[in-house]
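Hi,

Here is the structure I promised to pass on. Please have a look at it first, and then read my notes below.

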There are 2 protein chains.
Amino acid sequence: MMPRVCLCLRSAIVLLVVTCCFGTAAAQTPDPLLSWNDGPVKKSITDFVPRVTTVGSPDFVPRDQRIATFDNDGTLWAEQPMYFQIMFAMDRVKMLAPRHPDWKKKQPFKAVLDDDRKALAALGEKGFLQIMAATHTGMTSEEFTRIATEWIATARHPRFNRPYTDLVYQPMLELLAYLRENGFKTFIVSGGGIEFMRPWTEKSYGIPPEQVVGSSAVTRFELRGDGTPVLLREGKIEFVDDKAGKPVGINRFIGRRPVFAFGNSDGDQQMLEWTAAGSGARFMGLVHHTDAVREWAYDRNSPVGRLDKAWDEAVRRGWTVVDMKRDWKKVFPFEP
Amino acid sequence: MMPRVCLCLRSAIVLLVVTCCFGTAAAQTPDPLLSWNDGPVKKSITDFVPRVTTVGSPDFVPRDQRIATFDNDGTLWAEQPMYFQIMFAMDRVKMLAPRHPDWKKKQPFKAVLDDDRKALAALGEKGFLQIMAATHTGMTSEEFTRIATEWIATARHPRFNRPYTDLVYQPMLELLAYLRENGFKTFIVSGGGIEFMRPWTEKSYGIPPEQVVGSSAVTRFELRGDGTPVLLREGKIEFVDDKAGKPVGINRFIGRRPVFAFGNSDGDQQMLEWTAAGSGARFMGLVHHTDAVREWAYDRNSPVGRLDKAWDEAVRRGWTVVDMKRDWKKVFPFEP
């Protein structure tokens with residue numbers, strides 16, 4: 001018979017090996033979606049993930065094919081009173097105004113400088129494109145990154161008086177982490193500017209720059225006089241990663257069809273359709289903004305983040321629709 | 001005093017913990033670049049990698065910034081007598097010819113069908129673009145993937161009578177693996193078609209589709225009559241990921257500047273310049289094709305993979321230039 005002390009050591013070896021090799025996964029798993037209320041929506045997620053990640057399941061998806069794509073504005077962070085990138089552009093118009101005295105009298109800039117909401121609402125696409133061109137182009141890619149990084153670190157949301165990156169959705173942060181823990185590669189597929197998002201998505205969402213797909217300006221490589229190479233952002237749109245552009249962007253940047261996709265507006269409808277049309281198990285989700293107290297309530301008639309046709313399709317096809325008020329215990333990380 | 005058997009168990013615990021937690025890294029490391037001959041070129045690689053990956057080194061690069069980009073044709077696999085994608089296009093012209101009886105008399109197709117090397121050489125860019133459009137577009141993205149996958153699995157290289165994917169370079173496979181073992185994320189940045197490469201790069205190089213950057217055709221999302229969404233490849237070039245397009249592609253797809261880049265021709269010059277212009281330690285490398293016996297020998301005057309200005313710049317700036325004949329013990333994996 002072995003002495004008792006050695007039996008203890010044997011147990012210790014087994015414990016150490018288990019701990020070293022498998023971590024604490026074998027211990028009881030805490031709820032990965034703590035900020036989601038129990039109900040059919042949460043269940044649709046927690047049913048789907050084991051279904052596609054358990055070896056031997058008829059719906060098993062190999063790890064390298066576990067692609068999950070998320071819209072950004074209104075899906076991962078808030079988008080009211082306007083897309084935050086538009087708020088950035090308007091702050092930037094004000095900052096640049098001293099260098100452009102003519103803007104005081106010239107639309108669309110005058111509307112921004114006067115904080116004239118009526119005139120702003122009437123600008124239309126052409127006016128916004130002029131504002132975007134004046135604030136987002138005519139500089140190198142590195143300069144733009146610096147400007148965007150500075151704004152995101154210092155600007156404050158008018159309603160919450162907090163940095164914009166505080167307005168990310170806690171339940172979605174948990175969902176991103178839960179998917180990654182289960183071998184998914186998480187991507188952003190947003191109509192927003194790719195170079196506007198990349199400086200902060202890794203810190204805010206754990207999504208690195210190379211997993212961010214977005215709209216872009218034409219960019220040109222140039223050798224400066226001293227031989228320094230630069231990438232110049234030109235005043236021309238190269239790619240709009242919205243609506244039918246989303247499946248195109250997914251195909252171009254990722255090259256695989258997602259098995260999991262989440263959006264919140266009609267701009268995401270084609271991404272969800274593209275995801276749904278793949279073979280095997282798929283998850284399609286929409287965030288419905290129903291909480292005017294903690295966040296905002298808007299859908300069919302909202303000028304920002306309109307949710308109309310995609311909602312009807314989601315209901316018809318049994319996709320998951322999050323009712324923010326009902327399904328989210330907590331909206332923002334700063335809530336108590 | 002503890003009984004001797006327990007001391008043994010204690011040692012066993014320590015050994016198990018070390019093995020479980022640190023793998024066998026502490027044991028003697030086998031040469032990760034077995035197919036590289038010793039010399040300054042191999043040394044430039046094996047000096048650089050620990051320099052940027054050792055914590056406390058003045059040149060340390062955090063793991064998330066270890067981006068390595070590789071050209072494909074002539075850098076990771078061969079490119080003679082023509083880019084393999086052109087060989088694919090020509091095979092495809094022959095396969096499609098019965099459906100296009102007019103091709104027998106019509107250039108550029110006639111030159112392909114007659115195997116008329118002189119006429120082929122005289123086609124110029126316009127002729128090749130017509131061949132590319134006829135063979136690469138007018139189908140869905142999925143159909144193209146199927147066609148490319150089938151070709152790569154069955155076609156054979158005229159000189160070696162082997163599948164084209166046998167003509168990958170063994171030393172570069174070792175280099176890719178060595179970089180990944182050291183926390184680098186490896187990308188292809190090629191002038192070749194992105195959808196031509198993606199079906200086989202994971203199997204051949206361990207590089208997944210989302211880490212392949214390449215040239216692309218305009219692609220359009222469309223809902224078919226039965227509601228099936230498709231992506232249609234149209235007969236228009238969207239992006240040429242070559243020369244000045246390479247830094248643009250890197251910025252668009254990856255969003256970070258590489259710290260390590262490898263090419264083989266003037267088409268890679270701007271990628272190397274862009275890499276070199278970053279702050280901190282950088283590695284820039286070129287493959288010089290000097291081995292007419294095992295592979296091919298060509299440089300300044302080659303119509304395919306011309307290496308002229310980039311070579312001069314590499315020599316002037318002290319970048320690494322591989323002399324294939326001298327530096328590679330083995331070129332292809334099938335060599336004994």
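What follows is a short tour of what turned up, going from the whole chain to single residues.

One thing to keep in mind from the start: this is a predicted model.

**Chain A as a whole**

Chain A has 336 residues, and 54% of them count as buried. Its secondary structure is made up of 13 helices and nine strands. Along the principal axes, the C-alpha atoms take up a box of roughly 95 × 55 × 40 Å. If you like contact statistics, take the contacts in chain A with a separation of 6 or more: residues 24 or more positions apart account for 65% of these.

The accessible surface of chain A is about 15400 Å², and carbon and sulfur atoms contribute 55% of that. As for charges, chain A carries 45 positive and 41 negative ones, and the mean positions of the two sets lie 1 Å apart.

**A buried methionine**

Met172(A) sits in helix α8, which covers residues 170-181 of chain A. Is it buried or exposed? With a relative accessible area of 1%, Met172(A) is buried, because the cut-off for that is under 20%. Leaving out residues up to four places away in sequence, Met172(A) touches Trp36(A), Phe70(A), Thr75(A), Leu76(A), Phe262(A), Val287(A) and Trp328(A). There is also a pairing across the sequence to look at: Met172(A) and Val331(A) are 159 residues apart along the chain, while their C-alpha atoms are 9.0 Å apart in space.

**Two loop residues**

Ser265(A) belongs to the loop between β6 (260-263) and α11 (269-276) of chain A. At a relative accessible area of 11%, Ser265(A) is buried. Neighbours within four places in sequence aside, Ser265(A) is in contact with Leu286(A), Gly305(A), Arg306(A), Leu307(A) and Ala310(A).

Gly318(A), by contrast, is exposed, with a relative accessible area of 62%. Its place is the loop between α12 (309-317) and β9 (320-323) of chain A. The C-alpha atoms of Gly318(A) and Met284(A) are separated by 8.9 Å, with these positions 34 residues apart along the chain counted as their sequence distance.

**A nonpolar patch**

Leu129(A), Ile237(A) and Val240(A) together make a nonpolar surface patch of about 250 Å². Leu129(A) comes from helix α6 (residues 124-136) of chain A. Its relative accessible area is 37%, so Leu129(A) is partly exposed. That value also fits its place in the patch, because patch residues need over 30% relative accessible area.

**Backbone details worth a look**

Most residues other than glycine have a negative phi, and most peptide bonds are trans. Here are some exceptions to both.

Asp115(A) has a positive phi, near 50°, and is not a glycine. Asp115(A) lies in the loop between α4 (109-113) and α5 (117-121) of chain A, and at 51% relative accessibility it counts as exposed. In chain B, Asp115(B) also has a positive phi, of about 50°, and is placed in the loop between α4 and α5 (117-121).

Which peptide bonds of chain B are cis? One joins Gln80(B) and Pro81(B), with omega about 0°. Pro81(B) is in the loop between β1 (67-70) and α3 (84-96) of chain B. Another runs from Gln107(B) to Pro108(B), with omega near 5°. Pro108(B) is found in the loop between α3 and α4 (109-113) of chain B.

Happy browsing, and best wishes

Definitions and conventions:
Residues numbered from 1 in each chain as written. Chains lettered and ligands numbered in written order. Predicted model: local features only at pLDDT ≥ 70, side-chain atom pairs only at ≥ 80, totals over all residues. Heavy atoms only, no water. Patch = residues over 30% accessible without salt bridge, like charges linked within 9 Å, V, L, I, M, F, W, Y side chains within 5 Å. Areas by Shrake-Rupley, 256 points an atom, 1.4 Å probe, with all protein chains shown as cover. Salt bridge = Lys/Arg side-chain N within 4 Å of Asp/Glu carboxyl O. Helix = DSSP H or I, 4+ residues; strand = E, 2+ residues; numbered from the N terminus. Buried < 20%, exposed > 50% of the residue type's maximum accessible area, 1.4 Å probe, protein only. Contact = heavy atoms within 4.5 Å. Lys, Arg positive; Asp, Glu negative; His and termini not counted. Charge placed at Lys NZ, Arg CZ, Asp CG, Glu CD.
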